[in-house]
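Visitor: I would like a close look at a single part of this model. Please take me through the packing between the helices, and set it in the context of the whole chain.

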Amino acid sequence: MTVVRRLARPLLAAQFVYGGVDSVRHPDKRAEQAAPVISALAPRLGLPDDPVLLTRANGATMAVAGTMLATGRLPRVAALVLAATLVPTTAAGHRFWEQDDPTAKAQHRIHFLKNAGLFGGLLLAAVDTDGRPGLSWRARRAARDAKRATKLAGRTAKREARLTAKAVEGTLPFVG
C-alpha cells in the first residue's frame, strides 16, 4: 500500500467513524431532522418508520464501514457502503433549500457541499484498485487471451489436417 493510500483512507474515514459513533450514542437531534425524509421514504422502501432506529442503524453502518476503510479491510466495498449511507444523511440533514434563515441556509449549503465532496472521494476510493488490475481489465484480458487461444487452436487444427491429408495421399511419409 502506498503512503498516499495509508494516509488518505483513514483521513477520509475519520468523519464517518466519528459521526457514526455519535449517531449511535446520541441519535435524537439527527432523528428529529431525518423524521420528514424517513416518514416519506420508509414505507416505499419497506423500512420501519422509526427515525431513532434508522439513525442509529445508519450511524452503526458508517462507523463499521469507516473503520474498514481506515484499516484497509475491503476498502472498495467499505467506500461504496459509506457513499450509500451518505446520501440519506445529506438528504435528511442538510436540506438548505428549505431554510428561511440566511445564516442557517449558508451553513446547510456548506455541509451539503462538504458531503458532496466526501461522496466524490468515496467514489474514487471505491474504484481504486490499489495499483492492481481491476475486474473489468481482468475480464477484457481473459477475453483477449481466450480469443488468441481459439485462433491458435484453429490454425493448429488446420495445419494438422493438411499434414494428415498429405500423409493419406502419399505425398508425405506417415510418421506415427
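Guide: What follows goes from the whole chain to its cores, and then to single residues.

The model is predicted. The protein chain has six helices and zero strands. Along the sequence the pattern reads α-α-α-α-α-α. The C-alpha trace spans about 100 × 40 × 30 Å along its principal axes. The radius of gyration is 28 Å, whereas a compact globule of 176 residues would have one near 16 Å. Buried residues make up 26% of the 176. The accessible surface comes to about 11900 Å², and 65% of that surface belongs to carbon and sulfur atoms. Among contacts with a separation of 6 or more, 64% join residues 24 or more positions apart. The chain carries 27 positive and 13 negative charges, and the mean positions of the two sets are 15 Å apart.

Now the packing itself. The largest nonpolar core holds 15 residues. Within this core, Leu 12, Phe 16, Leu 69, Leu 82 and Leu 122 touch the most other members. Four elements each give two or more residues to the core: helix H1 (3-25), helix H3 (51-71), helix H4 (75-93) and helix H5 (102-127). The largest share comes from H4, with five residues. In soluble globular proteins, nonpolar side chains tend to be buried together.

Leu 122 is a good place to look first. Leaving out residues up to four places away in sequence, Leu 122 touches Leu 12, Phe 16, Leu 69, Ala 79, Leu 82, Ala 83 and Leu 86. Apart from the largest core lies another, of six residues, including Ala 34, Ala 42, Leu 54 and Ala 92.

Stay on H5 for Ala 125, which is found in that helix. Its relative accessible area is 16%, so Ala 125 is buried, the cut-off being under 20%. Beyond its neighbours within four places in sequence, Ala 125 is in contact with Leu 12, Arg 76 and Ala 79. Lys 29 makes a useful distance marker. Ala 125 and Lys 29 are 96 residues apart in sequence, and their C-alpha atoms are 30 Å apart in space.

Next, H4. Thr 85 has its place in this helix. Thr 85 counts as buried because its relative accessibility is 7%. With neighbours within four places set aside, the contacts of Thr 85 are Asn 58, Thr 61 and Met 62.

Just as instructive is the loop between H3 and H4, where Leu 74 is found. Leu 74 is not a glycine, yet it has a positive phi of about 45°. Its relative accessible area is 56%, so Leu 74 is exposed, the cut-off being over 50%.

Last, helix H2 (residues 28-45), which contains Ala 31. Ala 31 has a relative accessibility of 4% and therefore counts as buried. Not counting residues up to four places away, Ala 31 touches Pro 51, Val 52 and Thr 55. Gly 93 lies 62 residues from Ala 31 along the chain, and their C-alpha atoms are separated by 9.2 Å.

To retrace the route: start at Leu 122 and its contacts, Leu 12 and Phe 16 among them. Move to Ala 125, which also contacts Leu 12. Then go to Thr 85 in H4, and finish at Ala 31 in H2.

Conventions: Residues are numbered from 1 along each chain as its sequence is written. This is a predicted model: local features need pLDDT of at least 70, side-chain atom pairs count only at pLDDT 80 or more; totals for chains, interfaces and linings use all residues. Side-chain values use heavy atoms; hydrogens and water are left out. The radius of gyration is taken over C-alpha atoms; the globule rule is 2.2 Å times the number of residues to the power 0.38. Buried means under 20% relative accessible area, exposed over 50%, partly exposed in between (1.4 Å probe, protein chains only). Contact means heavy atoms within 4.5 Å. Accessible areas come from the Shrake-Rupley method with a 1.4 Å probe; for residues, only the protein chains shown count as cover. Lys and Arg count as positive and Asp and Glu as negative; His and the chain ends are not counted. The place of a charge is taken as NZ of Lys, CZ of Arg, CG of Asp or CD of Glu. A nonpolar core is a set of buried Ala, Val, Leu, Ile, Met, Phe, Trp, Tyr and Cys residues joined through side-chain atoms within 4.5 Å.
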